[in-house]
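Hi,

Here is the structure I promised to pass on. Have a look at it first, and then read my notes below.

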Amino acid sequence: MAIERHPAARVEATGELHRLLMPGVTRRESLLEYRGRGGYAPEGWAWSPEELRDRIAASGLRGRGGAAFPTGRKWHGVAARPGPRVVLVNAAESEPASAKDRILLLRRPHLVLEGALLAARAIDAREIVLYLHANATAVRDSLDLALRELRAARTPAPRLRIVTAPPGYVAGEASAAVRRANGGPAKPTSKPPRPSERGVGKRPTLVQNVETLANVPLIARHGPEWLREVGAPSLPGTLLVTLSGAVNRPGVYEVPSGMPLQRIVDDLGGGVVGGASVQAMLVGGYFAGWLGPEALAQGARLEPESLRAWGVSLGAAAIVVVPDWICGLAQAAWLMRFFADESAQQCGTCLSGTRAMAAVFAKLLRGTASPAACDRLHLWAERMLPGRGACGHLDGAATAARTALQVFADEISQHARAGGCGRPETVILPGFDGGDLDVTA
Ligand SMILES: Cc1cc2nc3c(=O)[nH]c(=O)nc-3n(C[C@H](O)[C@H](O)[C@H](O)COP(=O)(O)O)c2cc1C
């Protein structure tokens, strides 16, 4: 049985609900088409900056870039700082298991751009920075075209510029994006100051994920209650889920938040390839942690509170399904190596912590880790490393290690006893790409 390692390369975008991804929009939507679907309708622009901020806060919108931070609170916070201010659209999508931001930008660039323009109005920003990876050339083309259309239509806008960064996991972190936009390397800075205090050009900067911004024009137009009509009360609205790994129908799906994970795998993903069982899954992306099959069976749902109860987070809603017939510990060990390789190598603790955890996982895989090394790994992952890095990278690595130790506990024992589990160690987690998607659906 073969599992595509980069299903995002031929992703289908569909779903139960069509709010951000429209069924008829399978290629780049022009400005004219976007206007035909209600884009830039006067109702959305009737609000004063303060009213806009209040509407977004009342909707309960929370960030879709990983931390699920309340968007309205962020807007009020940045607006309270002395101007001029900046909006940075975080289109990096550094998470290898995620394809949803690129799908939005390839298909509905104007929805995201209108969201950015409304955000700029809400916080009185003079500049909008569109931040993406240099190898995402199709996304860049889509944005370039959209910007040209806006200029040709003489749409009032602050200064808009595109900033690119080389591939890298930490390049998508907010302070790394700001640093890059300021001409530096795409590596995180220590906080304070936060981007909201001192960001692009030393100005207070609102960093917002692409999917978060895509919700903004619709909330401005239809009202805060519109967002709350679907989804879990703790995270109103839909989520764009990138489903990959051993499922029959990988793709990007728009679902109400709070959907049971089992339904996502069975109904949307068409079940596990070859009728196999789920051994484990990553739910929010690489930094969000491993989940075992019992969580599915017991009704774990795609929303922060339900996932927190299982020790994982929602992250970017990027789900990778690992079937029972491959070695799960090999996936976990590969992921720890990924974290070590992708460290910005700026903080000693991150560099040595990620490397040390990866080294013990490599030994767990071979069944050669000493009891003392296992004890140290537990200590690092559970107590010593969380909260110690300048950005969330080390936290992500510690979460991946902590949850892997729980989810793959039986497998770790088996590897210790027999030097392996006899299953193929083929890694199905996508490697870092960050580049173009061939959207064929
Ligand atoms: C290591 C790391 C990588 C990240 N990569 C991304 C990314 O590629 N895209 C993104 O939107 N947010 C990413 N984030 C989260 C951002 O720091 C920030 O929270 C987010 O862009 C804010 O937007 P939101 O509130 O709309 O989610 C990353 C965070 C960390 C710690």
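What follows is a quick tour of the ligand site and the pockets.

One thing before we start: this is a predicted model.

Let's begin with the ligand. It sits in the largest pocket, with 18 residues around it. G65, K74, S94, N209 and T212 come nearest. If you sort that shell by class, you get 9 polar, 5 nonpolar and 4 charged residues. Strand β5, residues 205-209, supplies the largest share of the shell, with 3 residues.

A few polar contacts are worth pulling up on screen. At G65, a polar backbone atom is 2.7 Å from an oxygen atom of the ligand. R64 also has a polar backbone atom facing a ligand oxygen, at 3.4 Å. With N90 the side chain is involved: one of its polar atoms lies 3.0 Å from an oxygen atom of the ligand. As for how covered the ligand is, it exposes 610 Å² when taken alone, and the protein buries 87% of that.

Now the pocket itself. The largest pocket has a volume of about 1,400 Å³, and its lining runs to 47 residues. Which of them lie nearest its centre? Those are G65, G66, A67, E173 and A174. Four elements give two or more residues to this lining: helices α3 (71-79), α4 (100-107) and α16 (393-407), plus strand β5. So far as class goes, the lining of the largest pocket divides into 20 polar, 15 nonpolar and 12 charged residues. Two names come up twice here: G65 is among the residues that come nearest the ligand and also among those nearest the centre of the largest pocket, while β5 contributes to the ligand shell and to the pocket lining.

Then there is the second largest pocket, with a volume of about 200 Å³. Its lining is made up of R35, Y40, W45, L117, A120, R121, A125, T155, P156, A157 and P158. Helix α5, residues 109-123, gives the most to this lining, with 3 residues. By class, the lining of the second largest pocket has 8 nonpolar residues, 2 charged and 1 polar.

If you want a place to start, try the ligand contacts at R64, G65 and N90, then move out to the rest of the lining.

Cheers

Key: Residues are numbered from 1 along each chain as its sequence is written. This is a predicted model: local features need pLDDT of at least 70, side-chain atom pairs count only at pLDDT 80 or more; totals for chains, interfaces and linings use all residues. Side-chain values use heavy atoms; hydrogens and water are left out. A residue is near a molecule or strand if one of its heavy atoms lies within 4 Å of it. A polar contact is a pair of N or O atoms within 3.5 Å; within protein, one must be able to donate a hydrogen and the other to accept it, and residues adjacent in sequence count only if both atoms are side-chain atoms. Accessible areas come from the Shrake-Rupley method with a 1.4 Å probe; for residues, only the protein chains shown count as cover. On a 1 Å grid over the protein atoms alone, a cavity is a set of points where a 1.4 Å probe fits but cannot get out, and a pocket is an open set with protein on both sides within 12 Å along at least five of seven lines; lining residues have an atom within 4 Å of a point. A molecule sits in a cavity or pocket if more than half of its atoms lie within 2 Å of its grid points. Ala, Val, Leu, Ile, Met, Phe, Trp, Tyr, Cys and Pro count as nonpolar, Asp, Glu, Lys and Arg as charged, and the others, Gly among them, as polar. Grid points are joined across faces, edges and corners, and a volume is the space filled by probe spheres set on the points.
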